Amino acid sequence: MSRISPSRRLALGVLSTAMLMTILDGSIVTVALPAIQRDLGFAPADLSWTVNAYLIAYGGLLLLAGRLGDLLGRRAVFLAGNVVFTVASLLAGVAGDPATLIGARFLQGVGSAMATAVVLGILVTTFTDPGERAKAIGVFGFTGAAGASLGAVLGGVLTDALGWHYIFLINIPIGVVTVALAVRALPAERGPGLSGGADALGALLVTAGLMLGIYGVVQIERYGAGVLWFGAASVVSLAAFLVRQATTRTPLMPLRVLRSRAVAGANLVQVLALGAMFAFQVVVALFMQQVLRYDALGTGLAMLPAAVSIAVVSLFVYPRLTMRFGARGVLLAGLALLIGAMGWLARVPVDARYVTDLLPVMVLIMGGGLVLPALTTLGMSGARADDAGLVSGLFNTTQQIGMATGVAVLSTLAASRTEGLLADGASGAVALAGGYRLAFTVSFVLLVAAFAVGLLVLRRSRAGVGHEVELQPERT
């Protein structure tokens with residue numbers, strides 16, 4: 001298998017660091033919320049906006065940012081996004097009132113969308129050798145799989161040791177170094193300019209539709225069925241966007257990108273699989289702390305085997321398997337492992353023992369180290385060199401939709417089930433365990449659905465990763 005050259009290794013480091021910062025920033029703030037509320041005087045109902053403002057801006061702008069990368073140059077948009085994110089981190093770190101912090105978090109989401117929307121487009125156009133690309137996507141997949149868990153740990157350490165301000169201020173030196181190295185390491189290219197796809201109305205429709213949809217998802221616990229109005233408005237706006245793209249001369253998102261079975265299938269599998277996988281990231285941790293009474297450190301140590309197994313599989317096993325069996329075969333194998341993990345969790349008892357009831361899950365979750373890079377490979381397949389940024393933005397958009405929807409829906413189902421068991425006279429631990437088991441069962445069903453889509457929609461390919469992600473030439 002090819003070794004990654006030193007120059008491309010630096011480029012991969014820059015891209016992975018930027019992606020890691022984005023993923024960390026989505027989760028690092030959660031453990032600091034009590035301290036932020038005390039210091040800034042947040043009303044309880046407004047505190048969640050320190051997370052939601054970031055998610056809405058980030059998820060809502062990914063598709064637009066990806067297309068802008070194709071039109072204006074992917075490196076230029078990547079650099080601009082990192083600058084915006086770094087400045088916003090400074091504003092968040094010195095915020096002295098809730099409004100300033102929420103505004104800074106929204107701006108962080110804008111910067112993150114600009115930077116990460118084009119990352120995969122840069123990656124697949126930079127790593128053209130099949131062996132190098134397989135290794136690079138394995139590293140990228142590990143970054144995505146491990147980032148959320150690392151964010152929770154790092155957020156707790158920084159908040160306890162230095163104060164919540166530093167969960168934002170730590171981004172400043174990292175952002176400065178990332179920008180400096182990106183100028184040197186990333187290939188510069190010029191796009192055709194805004195005239196190649198400056199569809200202002202389409203941009204407004206897709207951004208409004210995505211933001212309304214994500215707002216509805218993150219507010220589902222607060223408003224319940226009331227969020228259906230936001231969902232309906234989102235569907236109408238996105239439908240109007242698709243009609244606009246089919247009729248305008250210079251579409252923001254040429255609909256040809258959705259005609260690829262691999263691209264469409266991979267994005268659908270991603271929504272289902274990531275919605276389920278976040279049951280592991282979030283619900284398992286809650287189960288250990290609220291039912292089994294683990295402390296924060298004990299929970300982190302208990303989940304360490306999962307992080308290690310994902311790292312080993314994505315960094316060392318995935319590149320070899322995908323060159324031999326193709327991304328589709330690796331994806332199905334990873335989904336099968338995750339189905340086993342969630343099936344095991346669906347019967348976890350209220351007095352679960354770590355070695356027999358949880359450790360097998362921590363091992364089986366290694367499937368995530370196969371699923372995420374395989375989805376990246378398939379999700380970027382069929383992209384032309386002149387719309388790789390758009391396909392990258394689409395892939396990251398469905399990733400965010402899957403994660404946000406998974407957390408909101410599974411948490412709501414678990415809470416509803418727990419309330420019902422409490423009303424029936426169950427003890428607190430039994431009711432909590434029953435709610436979490438329901439979340440694990442739904443996750444199991446989602447993963448089975450993802451496996452079915454991967455099996456039926458994605459085509460079998462004898463080629464390795466180098467052929468599955470081969471970019472088509474630009475058309476002038």
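Visitor: Let's start with L63: is that residue buried or exposed?

Guide: In this predicted model, L63 counts as buried because its relative accessibility is 7%, and the cut-off for that word is under 20%.

Visitor: Where does L63 sit, and what is it in contact with?

Guide: L63 is placed in helix α4. If neighbours within four places in sequence are left aside, its contacts are V206, L210, F241, M253, L390, G393, L394 and T397. One of these can be followed in more detail: L210 is 147 residues away from L63 in sequence, while the C-alpha atoms of the two are 9.2 Å apart in space.

Visitor: What share of the contacts in the protein is between residues 24 or more positions apart?

Guide: Counting contacts with a separation of 6 or more, 84% are between residues that are 24 or more positions apart.

Visitor: Stepping back, how many helices and strands are there?

Guide: The protein has 21 helices and zero strands. Of its 476 residues, 53% are buried, and the area that the protein exposes comes to about 19300 Å², with carbon and sulfur atoms supplying 67% of that area.

Visitor: Back to helix α4, then. Which residue forms a salt bridge with D70, and how far apart are the closest N and O atoms?

Guide: One partner is R67, with the closest N and O atoms 3.8 Å apart. Both residues belong to helix α4, which covers residues 49-72, and they are three residues apart, or about one turn of the helix. D70 and R67 are both buried.

Visitor: You said "one partner". Which other residue forms a salt bridge with D70?

Guide: D70 also forms a salt bridge with R74, and here the closest N and O atoms are 2.6 Å apart. R67, D70 and R74 are therefore best read together, as they are linked in a network of salt bridges.

Visitor: Why do D70 and R74 count as buried?

Guide: D70 counts as buried because its relative accessibility is 6%, and R74 is buried with a relative accessible area of 6%; the limit that applies is under 20%.

Visitor: How many salt bridges are there in total?

Guide: The count comes to three. Besides those of D70 with R67 and with R74, there is a salt bridge between R347 and D357, whose closest N and O atoms are 3.3 Å apart. R347 lies in the loop between α16 and α17, whereas D357 lies in helix α17 (354-364), so the pair ties together parts that are 10 residues apart in sequence.

Visitor: Are R347 and D357 buried or partly exposed?

Guide: R347 counts as partly exposed, at 43% relative accessibility, whereas D357 counts as buried, at 8%.

Visitor: Which ring does the charged end of R347 sit over?

Guide: The charged end of R347 sits over the ring of W344, at 5.3 Å from the centre of that ring.

Visitor: Speaking of rings, how many aromatic pairs are there?

Guide: A search of the whole structure gives three aromatic pairs. One of them joins W164 and F168 in an edge-to-face arrangement, with 6.2 Å from centre to centre and 80° between the planes. W164 counts as buried at 2% relative accessibility, and F168 counts as buried at 0%.

Visitor: What about F287 and Y436, how are their rings arranged?

Guide: The ring centres of F287 and Y436 are 6.3 Å apart and the planes are at 75°, so this pair is edge-to-face as well. F287 lies in helix α14 (residues 261-291) and Y436 in helix α20 (residues 428-456), so the pair ties together parts that are 149 residues apart in sequence. Both F287 and Y436 are buried.

Visitor: Now the outside. Which residues form the nonpolar patch on the surface?

Guide: The patch is formed by L301, L304, V308, V312, F316 and V317, which together have about 530 Å² of accessible area.

Visitor: Which helix gives the most to the patch?

Guide: Helix α16, which covers residues 304-345, gives the most, with five residues. V312 is found in that helix, α16, and V312 is partly exposed, with a relative accessible area of 40%.

Technical notes
Residues are numbered from 1 along each chain as its sequence is written. This is a predicted model: local features need pLDDT of at least 70, side-chain atom pairs count only at pLDDT 80 or more; totals for chains, interfaces and linings use all residues. Side-chain values use heavy atoms; hydrogens and water are left out. Helices (H or I, at least four residues) and strands (E, at least two) are DSSP runs, numbered from the N terminus. Buried means under 20% relative accessible area, exposed over 50%, partly exposed in between (1.4 Å probe, protein chains only). Contact means heavy atoms within 4.5 Å. Accessible areas come from the Shrake-Rupley method with a 1.4 Å probe; for residues, only the protein chains shown count as cover. Rings of Phe, Tyr and Trp (its six-membered ring) pair if their centres lie within 6.5 Å; planes under 30 degrees apart count as stacked, over 60 as edge-to-face and the rest as tilted. A charge sits over a ring if NZ of Lys or CZ of Arg is within 6 Å of the ring centre and within 35 degrees of the ring normal. Patches are made of residues with over 30% relative accessible area and no salt bridge: like charges are joined within 9 Å, nonpolar side chains (Val, Leu, Ile, Met, Phe, Trp, Tyr) within 5 Å. A salt bridge is a side-chain nitrogen of Lys or Arg within 4 Å of a carboxyl oxygen of Asp or Glu.
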